[in-house]
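User: Please take a close look at a single part of this predicted model. I should like one connected account that begins at one residue and works outward to the surroundings.

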Amino acid sequence: GLATAAFAQAQAWPAKPVALVVPFAAGGPTDVVARTLAASMTKSLGQTVLVENKLGAGGNVAAAYVAKAPADGYTFFIHHNGMATSTALYRKLNYDAMKDFEFVSQAVEVPMTLLARKDFPANNFQEMVSYIRANKDKINLATAGLGAVSQLCGMMFQRAIGVQLTEVPFQGTAPAMNALLGGQVDVMCDQTTQTVPQIKAGTVKLYGVTTKSRVKVLPNAPTLHEQGLKDFEVVVWHGIYAPKGTPRPIIDRMNQAVRAALKDPDVVKRMDDLGAEIVEDRTNTPDALQAHLKSEIDKWGPVIRAGGKFAD
Ligand code: MLT
């Protein structure tokens, strides 16, 4: 019967490479986390975990693709807060974040940084805010589209200082960072998993971090909260998903592979160097991810709807 077939399929798994779909451009923050985990999981699963970048609509092209992919254990998905925020940002989505996926595991949490191009005429956060307020019609904010955390953080920042800038969407913050380095855009909120090397190299200006407390790898960077944006907080979290109906034994083995990767010293070191924090092992269960996604949908929905920015 069906149960026996599913069992046999799960026994043989993985019999070929396993795809891990990333909803943003190669080389960017989500991709870095995905590739770091994939390298370790390839060792423990004995099959290649192949990162596939599916771009567009702030991560929603990839989410819809995975929702409709075969539930055979060969397609997985890594996504961040966008899985929750898109529910409020888009009037229609061709997938349901809560209903169309199996939940595998949480992974890492990542702080964001508020940046400007290197020659931006402001040397600290207060100067930055004054300059932006005085020049708001000429300033471009780079984002990875509606559904991206760069857009979420940028939206909260604009709201907090009372301006509306021109938003320039890219298919990930890797190309957005290139535009910032090239001076084609002015400011950006982006995750430490991409920005720490640039900050350390002095190729961008840093004005603050989005967590409630300072970030260990950027000890001199004040939080936005401590610089006057009271209670400003954006923490990026990651979930790993599979199409609904993927056999439970495969989900459980994938969960074990993710948890093993999160204890792999190479992964721990890389994440540490990039300011990312590995989520506590006891919360890396399918149930905990499902509950977390639900709580994030409830948390961000009202915040986003208050911003009044939507896509169809
Ligand atoms: C990326 O990987 O490009 C980012 O996570 C996009 C974003 O800002 O959400």
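Analyst:
**Strand E9 and its surroundings**

Asp 231 counts as exposed because it has 8 C-beta neighbours inside 10 Å, and a residue with 12 or fewer is classed in that way. Asp 231 belongs to the loop between E8 and E9. Its backbone also deserves notice: phi is near 65°, a positive value in a residue other than glycine.

The strands on either side of that loop are a contrast to Asp 231. Strand E8 covers residues 204–209, and 6 of its 6 residues are buried. Strand E9 spans residues 235–243. With 8 of its 9 residues buried, E9 is largely enclosed by the rest of the structure.

Before the pairing of E9 is followed, a word on confidence is in order. The model is predicted; the mean pLDDT of the chain is 95, with 98% of its residues at 70 or more. For the complex, the predictor gives an ipTM of 0.99 and a pTM of 0.95.

What, then, does E9 pair with? E4 is one partner: the two strands run antiparallel and are joined by 8 bridges. Within this pairing, Gln 106 stands opposite Gly 239 of E9. E3 is another partner, also antiparallel to E9, with 3 bridges between them. Here Ile 78 has Ile 240 of E9 as its bridge partner. E4, which comprises residues 101–117, also pairs with E8, again antiparallel and through 5 bridges. In that pairing, Ala 116 has Lys 205 of E8 as its bridge partner. E4 is thus joined both to E8 and to E9, the two strands that flank the loop of Asp 231.

The packing around E9 can be followed through Val 104. With residues up to four places away in sequence left out, Val 104 touches Ile 240, Tyr 241 and Ala 242, among others. Its contacts also include Phe 76, Ile 251, Met 254, Asn 255, Val 258, Pro 286 and Leu 289. Val 104 is itself a member of the largest nonpolar core, which has 93 residues. Val 104, Phe 76, Tyr 241 and Val 258 are among the members that touch the most others, and so are Leu 20, Leu 37 and Met 188. E4 gives this core its largest share, 10 residues. In soluble globular proteins, nonpolar side chains tend to be buried together.

E9 also serves as part of the cover over another element, helix H4. This helix runs from residue 82 to 89, and 6 of its 8 residues are buried. The buried ones are Gly 82, Met 83, Ala 84, Thr 85, Ser 86 and Leu 89. Besides E9, the elements covering them include helix H3 (60–68), strand E3 (75–79), H6 and helix H11 (286–307).

H6 leads from this cover to the ligand. Helix H6 (149–161) is one of the elements giving two or more residues to the shell around the ligand, together with helix H2 (29–45) and helix H7 (173–181). H2 supplies the largest share, 3 residues. The ligand has 16 residues around it, and those that come nearest are Phe 24, Gly 28, Ala 148, Ser 150 and Gly 172. By class, this shell holds 7 nonpolar, 8 polar and 1 charged residues.

Another strand provides a further example of a buried residue. Val 49 lies in E2, residues 49–53, and counts as buried because 24 other C-beta atoms lie within 10 Å. Neighbours within four places in sequence aside, Val 49 is in contact with Val 18, Leu 20, Ala 38, Met 41 and Thr 42. Leu 20, named above among the members of the nonpolar core with the most contacts, is thus one of the contacts of Val 49. The C-alpha atoms of Val 49 and Leu 293 are 24 Å apart, with their positions 244 residues apart along the chain.

Finally, how does the environment of Asp 231 compare with that of Ala 57, another residue with positive phi? For Ala 57, phi is about 50° although the residue is not a glycine. Ala 57 is found in the loop between E2 and H3. Whereas Asp 231 is exposed, Ala 57 counts as buried because it has 21 C-beta neighbours inside 10 Å, where the threshold is 20 or more.

Methods
Residues numbered from 1 in each chain as written. Predicted model: local features only at pLDDT ≥ 70, side-chain atom pairs only at ≥ 80, totals over all residues. Near = placed C-beta within 6 Å. Helix = DSSP H or I, 4+ residues; strand = E, 2+ residues; numbered from the N terminus. Nonpolar A, V, L, I, M, F, W, Y, C, P; charged D, E, K, R; others polar. Contact = placed C-beta atoms within 7 Å. Core = buried A, V, L, I, M, F, W, Y, C linked by C-beta atoms within 7 Å. Pairing = 2+ DSSP bridges. pLDDT = per-residue confidence, 0-100.
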